[in-house]
Amino acid sequence: MTVKIAVASLVQETNTFSPRPSTLDDFRAQGLWTGAEAMARSAGTNTEFAGAVERIEEAGARPVPIMRAWAMSGGVLDRHGFTTLRSLLADGLAAAGPVDALVLCLHGALVADGAADADAVLVEAARAVLAPGVPVIVTHDLHANVTRRIVRAADALIGFHTYPHVDQGDTGRRGAGLALRAADGGPPPGTALAKRPMLVPAEAQALADPPMARLRALADAATGGPILDVSLFPVQPWLDVPELGFGVTVTHTGAPGAQAAAEAVAERIAGEAWAGRAGFSVDPVPVAEAVRRIHPGTGLGPVLLVQSADSPTAGATADSAAVIAALREHGRGLRAYATVVDAPAVAACFAAGPGATVDTMVGATLDPRWSGPVPLSGAVRRTGASPVILTGDAMTGQPISMGRWATVDTGEGLVVLVTERPAPTFDPAGYRHAGLEPADADTVVVRSATMYRAGFRGVHAGAILLDLPGASTPRLDYLEFRHAPRPLHPLDLVGGSR
Ligand SMILES: [Zn+2]
């Protein structure tokens with residue numbers, strides 16, 4: 001009989017410092033697909049869902065597609081959105097009939113209204129529908145906050161091995177591999193978790209750089225024998241929840257003694273992360289100074305202004321015009337591209353139409369806590385509404401909706417891409433979609449902590465991390481944590497060598 005493996009993907013990263021709740025509409029805008037439609041629309045993309053499906057098919061087993069839901073990172077998911085998505089998952093699994101295993105792709109940092117550990121609730125909801133003993137394999141983003149509850153609810157839990165993340169498909173494949181193994185009748189796999197009370201700025205988490213490079217090397221060296229996977233979870237730091245901290249998961253075969261071995265590996269690598277905590281640091285530059293460092297017409301490619309403090313892939317609202325203001329004041333003569341979310345300004349551009357002049361304000365329409373609106377006047381160059389198809393190494397082929405959008409050319413070198421929903425600036429496709437070629441600019445603003453390093457590989461002449469406040473700021477000391485366990489490094493002085 002053909003082995004049947006259910007695949008479901010429900011991915012959103014929550015930023016609890018965002019003032020804007022996420023809703024079902026945020027998923028619908030990016031494509032909320034169930035059953036065969038999920039499989040058809042994901043085919044060929046670098047996503048967990050597509051990778052899992054491919055691996056199952058290659059093994060001669062049958063993938064049973066349940067759902068694929070993805071939303072841009074955002075604020076806490078509202079109750080209606082969460083219960084609807086949870087029902088889609090549970091009802092989809094119930095309708096699919098008996099399966100031999102489930103691969104469930106989740107971000108791992110989803111917070112819903114009333115559920116600080118929403119991903120664990122989803123695993124439990126799936127488990128409640130499946131026949132007893134059906135293995136559940138969970139995949140996570142590296143920025144997951146892995147909890148004891150979700151590790152208990154899943155048979156195995158693994159995460160991305162890359163940052164910037166380019167192994168979405170591979171992670172789905174690895175998850176499906178574990179599911180195939182478990183469906184083969186052997187002992188179910190298991191996962192051990194170790195955690196440490198520390199946060200790491202996302203800008204200091206790149207796996208090419210120390211200390212993460214060394215930790216990843218330790219993880220790879222520990223893999224083999226009964227140890228099937230070691231995943232590092234440095235956690236995205238804009239998450240004020242209980243049990244917050246750096247996690248390491250170690251997944252094993254389920255053979256006798258393997259759990260104890262996995263626990264020892266997890267504790268050892270988490271201990272190394274803790275011991276090296278002082279090495280995770282960032283050095284952001286004040287925005288005016290950063291703009292003044294950029295020179296026009298070098299021909300070397302754009303210098304990236306890294307506005308990670310208001311990054312939509314980190315759940316911020318992407319409506320801060322602080323860098324636009326700095327470019328207007330200190331960057332005259334620079335050929336510069338920037339983005340801002342501002343629905344009223346988009347409406348004004350659509351009302352004026354391409355070629356017409358607009359004179360409006362942009363910024364601070366969603367999150368006015370960190371910066372104010374800025375005047376923007378110029379010619380509307382282009383308008384549009386179709387989604388961006390990502391072309392970089394991350395989530396390749398996935399469509400991202402930025403709602404309606406318009407480009408406004410100030411005539412002084414600065415062109416602003418104004419959008420209803422956040423533009424994906426970690427991938428040059430976001431700008432190119434609007435007719436702006438980053439290679440032609442002196443400077444380009446990217447609202448991204450690290451993912452841009454994959455997208456803009458070979459396209460830029462350097463990057464400057466900006467010192468700005470915001471819901472996804474690199475300056476963790478700007479944020480006020482209320483629910484996270486304390487003490488927590490680096491917010492508090494924590495000694496010892498746990
Ligand atoms: Zn991530």
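**Figure 1. Helices α2 and α3 cross with their axes within 9 Å of each other.** In this predicted model, α2 spans residues 35–42 and α3 spans residues 48–58, and the two axes meet at roughly 100 degrees. Angles of 65 to 115 degrees count as roughly perpendicular, so that is the label for α2 and α3. On the α2 side, the contact is made by A38, M39 and S42. From α3 come F49, A50, V53 and E57. Sorted by character, the residues of this contact are five nonpolar, one polar and one charged.

**Figure 2. A closer look at α3 and what packs over its buried residues.** Which residues of α3 are buried? They are E48, F49, A50, G51, A52, V53 and I56. The cover over them includes helix α2 and helix α7 (168–183). Strands contribute too, among them β1 (4–11), β3 (62–70), β4 (101–106) and β5 (136–140). Just after α3 sits G60, with a positive phi of about 80 degrees.

**Figure 3. The zinc site, with D141, H143 and H165 as its donor residues.** D141 turns up twice in the coordination list, each time through an OD atom. H143 donates through ND1 and H165 through NE2, and the donor distances run from 2.1 to 2.7 Å. How regular or irregular is the geometry? The angles among the four donor atoms go from 52 to 146 degrees, and the site is classed as irregular. A tetrahedral label would need all angles between 85 and 135 degrees. Along the sequence, the donor residues follow the spacing D-x1-H-x21-H. Since buried means under 20% relative accessible area, D141 gets that label at 9%. H143 is buried as well, at 5% relative accessibility.

**Figure 4. Two cis peptide bonds, each leading into a proline.** One joins Y163 to P164, with omega near 5 degrees. You'll find P164 in the loop between β6 (156–159) and α7. The other cis bond runs from R486 to P487, where omega is near 0 degrees. P487 belongs to the segment after β19 (463–465).

**Figure 5. Positive phi at E243 and M395, neither of them a glycine.** For E243, phi is near 65 degrees, and the residue is found in the loop between β8 (227–233) and β9 (246–252). Its relative accessible area is 25%, so E243 counts as partly exposed. M395 has a phi of about 50 degrees and lies in the loop between β14 (388–389) and β15 (399–400). Is M395 buried or exposed? With a relative accessible area of 11%, M395 is buried.

**Figure 6. A439 and its contacts from elsewhere in the chain.** A439 lies in the loop between α13 (429–433) and β18 (443–446). This alanine is partly exposed, at 43% relative accessibility. Which residues does A439 touch, once neighbours within four places in sequence are left aside? G301, P302 and V459 are the contacts. L300 makes a handy reference point for this view: L300 and A439 are 139 residues apart along the chain, yet their C-alpha atoms are separated by 8.6 Å.

Notes
Residues numbered from 1 in each chain as written. Predicted model: local features only at pLDDT ≥ 70, side-chain atom pairs only at ≥ 80, totals over all residues. Heavy atoms only, no water. Axes fitted to C-alpha atoms, helices over the stretch in contact; angles between N-to-C directions. Helix = DSSP H or I, 4+ residues; strand = E, 2+ residues; numbered from the N terminus. Parallel < 35°, antiparallel > 145°, perpendicular 65-115°, else oblique. Contact = heavy atoms within 4.5 Å. Nonpolar A, V, L, I, M, F, W, Y, C, P; charged D, E, K, R; others polar. Donors = N, O, S within 2.8 Å, 3.2 Å for Na, K, Ca; no water. Tetrahedral: all angles 85-135°; square planar, octahedral: opposite > 155°, others 65-115°. Buried < 20%, exposed > 50% of the residue type's maximum accessible area, 1.4 Å probe, protein only.
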